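Good morning, colleagues. Please look at the sequence and the model on the screen while I go through a few of the features computed from the atoms.

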Amino acid sequence: MQTVKVKNIEIGKGIPKICVSVQGKTKKEIVEQLNRVCELPCDLIEWRSDSFETIQNDLEEILDQLQKIVGDKPLIFTYRTLKEGGLGKEGANGYRKLAARAIDTGKIDLLDLEYSMNKTDIKALIQHAHRSNVKVIISSHNFENTPEVDDMVENMCHMQETGADLIKQAVMPHSEEDVLKVLVATDKMNRLYAKTPLITMSMSDVGVVSRYCGGIFGSSVTFASGVQASAPGQPKVEELQKVFPLFYKSI
């Protein structure tokens with residue numbers, strides 16, 4: 001499996017990297033949150049742009065500000081749509097244009113693309129991103145349930161075929177057994193099929209343990225809450241920093 005190097009971190013090698021998300025409705029809220037997040041012991045920062053009320057008018061301006069603040073930490077641009085658990089109301093055309101504009105700013109290091117979007121658009125945006133030296137995370141979210149192990153592995157294999165640099169799969173558990181399924185699927189994909197780093201998680205409070213120990217099974221990034229959680233079940237970044245030395249002392 002190839003690792004992914006972004007700025008000064010190497011994803012897919014060593015202890016899982018910690019990502020903290022920034023959200024906000026206004027420029028002021030976003031900048032204030034980002035300044036606070038930059039003080040936290042995290043490796044990557046994600047801007048969840050679907051919360052930003054004036055994104056169509058101010059995308060380039062706010063990304064310029066964010067890029068200056070994050071410094072040497074990689075910045076992920078994510079526009080999460082309603083169907084994938086976010087607040088974004090843009091349709092396929094608007095989504096594609098926002099992603100392309102974010103790439104063209106030259107201010108982002110990684111782009112999150114939803115696997116549920118049009119496959120032609122995915123291919124075009126990945127090619128566009130790679131031409132601009134932007135890495136791509138292809139992401140899939142299931143807020144209804146946890147599929148069977150082989151179904152999750154198959155889904156990740158299909159996601160890998162898009163040519164994205166990282167594969168992200170998040171599912172909703174209804175039992176502790178569901179959490180185990182995610183870990184088993186991660187391990188199987190990592191050992192047998194993965195060509196790129198994986199990011200997997202079982203959501204909600206039931207699945208929170210997967211965010212702590214997922215790296216043992218092959219998940220290379222975990223998402224933590226800084227100012228506020230961006231998804232159900234996210235632990236605080238300080239809690240991960242306390243626990244990670246115990247889980248990964250041999251790595």
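What span should the 14 residues of helix α3 have at 1.5 Å a residue, and how far apart are its end C-alpha atoms? Before I answer, please note that this is a predicted model. Helix α3 covers residues 92–105, and its expected span is 20 Å. The C-alpha atoms at its two ends are 20 Å apart, so the expected span and the model agree.

Let me stay with this helix. Its buried residues are Gly 94, Tyr 95, Leu 98, Ala 99, Ala 100, Ala 102, Ile 103 and Thr 105. Among the elements that cover them are two helices, α2 (55–70) and α4 (119–131). Strands β5 (75–78) and β6 (110–114) also belong to that cover. Just after α3, Gly 106 adopts a positive phi of about 75°.

I turn next to strand β3, residues 17–22, where Ile 18 is found. Is Ile 18 buried or exposed? Its relative accessibility is 1%, and therefore Ile 18 counts as buried. Leaving aside residues up to four places away in sequence, Ile 18 touches Pro 41, Cys 42, Asp 43 and Leu 44, and also Thr 222, Ala 224, Val 237, Leu 240, Gln 241 and Phe 244. Between the C-alpha atoms of Ile 18 and Leu 110, which are 92 residues apart along the chain, the separation is 15 Å.

A second buried residue is Gln 160, with a relative accessible area of 13%; it counts as buried because the cut-off is under 20%. Gln 160 belongs to helix α5, residues 149–160. With residues up to four places away in sequence again excluded, its contacts are Ile 167, Met 189, Tyr 193, Ala 194, Lys 195 and Thr 196.

Now to the cysteines. How many disulfides does the structure hold? The number is zero. For Cys 38, the nearest cysteine sulfur is that of Cys 42, at 7.1 Å. A disulfide requires the two sulfur atoms to be within 2.5 Å, so this pair does not qualify. Cys 38 itself is partly exposed, at 24% relative accessibility.

Finally, the largest pocket. It contains about 240 Å³ of space. Its lining comprises 17 residues, and those nearest the centre are Asp 50, Ser 51, Phe 52, Glu 53 and Leu 87. Divided by class, the lining has seven polar, six charged and four nonpolar residues.

Thank you for your attention.

Terms used: Residues are numbered from 1 along each chain as its sequence is written. This is a predicted model: local features need pLDDT of at least 70, side-chain atom pairs count only at pLDDT 80 or more; totals for chains, interfaces and linings use all residues. Side-chain values use heavy atoms; hydrogens and water are left out. Buried means under 20% relative accessible area, exposed over 50%, partly exposed in between (1.4 Å probe, protein chains only). On a 1 Å grid over the protein atoms alone, a cavity is a set of points where a 1.4 Å probe fits but cannot get out, and a pocket is an open set with protein on both sides within 12 Å along at least five of seven lines; lining residues have an atom within 4 Å of a point. Grid points are joined across faces, edges and corners, and a volume is the space filled by probe spheres set on the points. Ala, Val, Leu, Ile, Met, Phe, Trp, Tyr, Cys and Pro count as nonpolar, Asp, Glu, Lys and Arg as charged, and the others, Gly among them, as polar. Helices (H or I, at least four residues) and strands (E, at least two) are DSSP runs, numbered from the N terminus. The expected span of a helix is 1.5 Å times one less than its number of residues. Contact means heavy atoms within 4.5 Å.
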